[in-house]
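Open the model in your viewer and keep the sequence panel visible. The tour below goes from the whole chain to single side chains, one selection at a time.

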Amino acid sequence: MRKEDKNVVVAQLGELLQQYPHFYLVDVEGMNASQTSALRRKCFQTNLKMVVVKNTLMRKALEATGVDFEAIYPALKGTTAVLFTEVANAPAKMLKDLASKKVTKPELKAAYAEEGIYVGANQLDVLCSIKSKNEVIAEIVALLQSPAKNVLSALQSGQNTIHGVLKTLGERGE
């Protein structure tokens with residue numbers, strides 16, 4: 001590959017790193033064409049962008065971002081695919097689903113999710129449990145609405161009770 005081509009690839013990877021807030025490095029070594037095609041299809045269905053990269057070019061793209069990805073560099077060995085995503089836990093859930101079907105590859109090498117670095121396949125459960133921004137917002141809204149609903153419910157049921165008591169007292173006074 002010519003140097004100009006390498007520079008173009010590094011620039012494209014840099015754009016993807018800026019466009020997507022999270023990425024996963026997965027080991028795809030030993031996968032045949034049909035397995036790779038099935039993985040690409042699965043990525044497309046879950047809104048992931050999959051790119052097979054040369055490790056040295058990915059390292060150069062990571063270095064160019066200005067973020068300290070030092071912990072990820074040792075994972076850049078062998079055949080690597082990068083899964084870019086908007087939702088931090090989507091690739092982890094996909095990889096866990098594949099693992100539950102006894103598929104050994106792809107295997108997680110490292111991930112950058114929610115501004116944290118996770119290295120090793122043993123981090124898959126941790127990555128699956130990360131909540132997306134929308135999930136956290138939904139939980140907060142639900143928690144904030146719960147006390148208000150309880151107060152309104154109590155007031156409405158109390159209103160009927162007070163009304164009944166007043167009606168009974170009014171009828172008794174006659």
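Start with the whole chain. Residues 24 or more positions apart account for 77% of its contacts with a separation of 6 or more, where a contact means heavy atoms within 4.5 Å. This is a predicted model, in which local features need pLDDT of at least 70 and side-chain atom pairs count only at pLDDT 80 or more, while totals for chains, interfaces and linings use all residues. Residues are numbered from 1 along each chain as its sequence is written, and side-chain values use heavy atoms, with hydrogens and water left out.

Now colour by secondary structure. The chain has 6 helices and 5 strands; these are DSSP runs numbered from the N terminus, helices being H or I with at least four residues and strands E with at least two. From the N terminus on, the order is α-β-α-β-α-β-α-β-β-α-α. Of the 174 residues, 34% count as buried. Buried means under 20% relative accessible area, exposed means over 50%, and partly exposed is in between, with a 1.4 Å probe and protein chains only.

**Stop 1: helix α1**

Select residues 3-19, which make up helix α1. Its 17 residues should span 24 Å at 1.5 Å a residue, and the end C-alpha atoms are 24 Å apart, which agrees. The expected span is 1.5 Å times one less than the number of residues.

Which residues of α1 are buried? They are V10, L13, G14, L16 and L17. These residues cover an arc of only 160° around the axis, so they are on the same side of α1. The arc is that of the directions from the helix axis to the C-beta atoms. Turn the helix to the face away from its buried side, and you find the exposed residues E15 and Q18. To see what covers the buried residues, show β1 (22-27), β2 (49-53), α3 and β3, which are included in the cover.

**Stop 2: helix α2**

Move to residues 33-45, helix α2. This helix has 13 residues and reaches 18 Å from its first C-alpha to its last, close to the 18 Å expected at 1.5 Å a residue. After α2 comes N47, whose phi is positive, near 60°.

**Stop 3: two threonines**

Select T85, in strand β3. T85 is buried, because its relative accessible area is 1%. A polar atom of the T85 side chain lies 2.9 Å from the backbone oxygen of V87. Leaving aside neighbours within four places in sequence, T85 is in contact with Y20, P21, H22, L48, A90 and P91.

Next select T79, in the loop between α3 (55-65) and β3 (80-85). Is T79 buried or partly exposed? T79 is partly exposed, because its relative accessible area is 33%. Apart from neighbours within four places in sequence, T79 is in contact with V26, D27, V28, E29 and K109. Add N55 to the selection: the C-alpha atoms of T79 and N55 are separated by 7.9 Å, although the two residues are 24 apart along the chain.

**Stop 4: salt bridges**

Side chains of opposite charge can pair when their charged atoms come close. How many salt bridges does the structure hold? There are 7, a salt bridge being a side-chain nitrogen of Lys or Arg within 4 Å of a carboxyl oxygen of Asp or Glu.

Show R2 and E4, whose side chains meet in a salt bridge at 4.0 Å, N to O. R2 is exposed at 54% relative accessible area, and E4 is partly exposed at 48%. Add D5 to see the network of salt bridges that links R2, E4 and D5.

Then go to R59 and E63, where the closest N and O atoms of the salt bridge are 3.0 Å apart. Both residues lie in helix α3, 4 residues apart, about one turn of the helix.

Last in this group, select D125 and K96, a salt bridge with its closest N and O atoms 2.3 Å apart. D125 lies in helix α5 (residues 124-129) and K96 in helix α4 (residues 90-100), so the pair ties together parts that are 29 residues apart in sequence. D125 is partly exposed at 47% relative accessibility, as is K96 at 38%.

**Stop 5: cysteines**

Finish with C43 and C128. C43 is buried at 1% relative accessible area, and C128 is buried at 16%. A search of the whole structure finds 0 disulfides, a disulfide being a pair of cysteine sulfur atoms within 2.5 Å.

Note on methods: A polar contact is a pair of N or O atoms within 3.5 Å; within protein, one must be able to donate a hydrogen and the other to accept it, and residues adjacent in sequence count only if both atoms are side-chain atoms.
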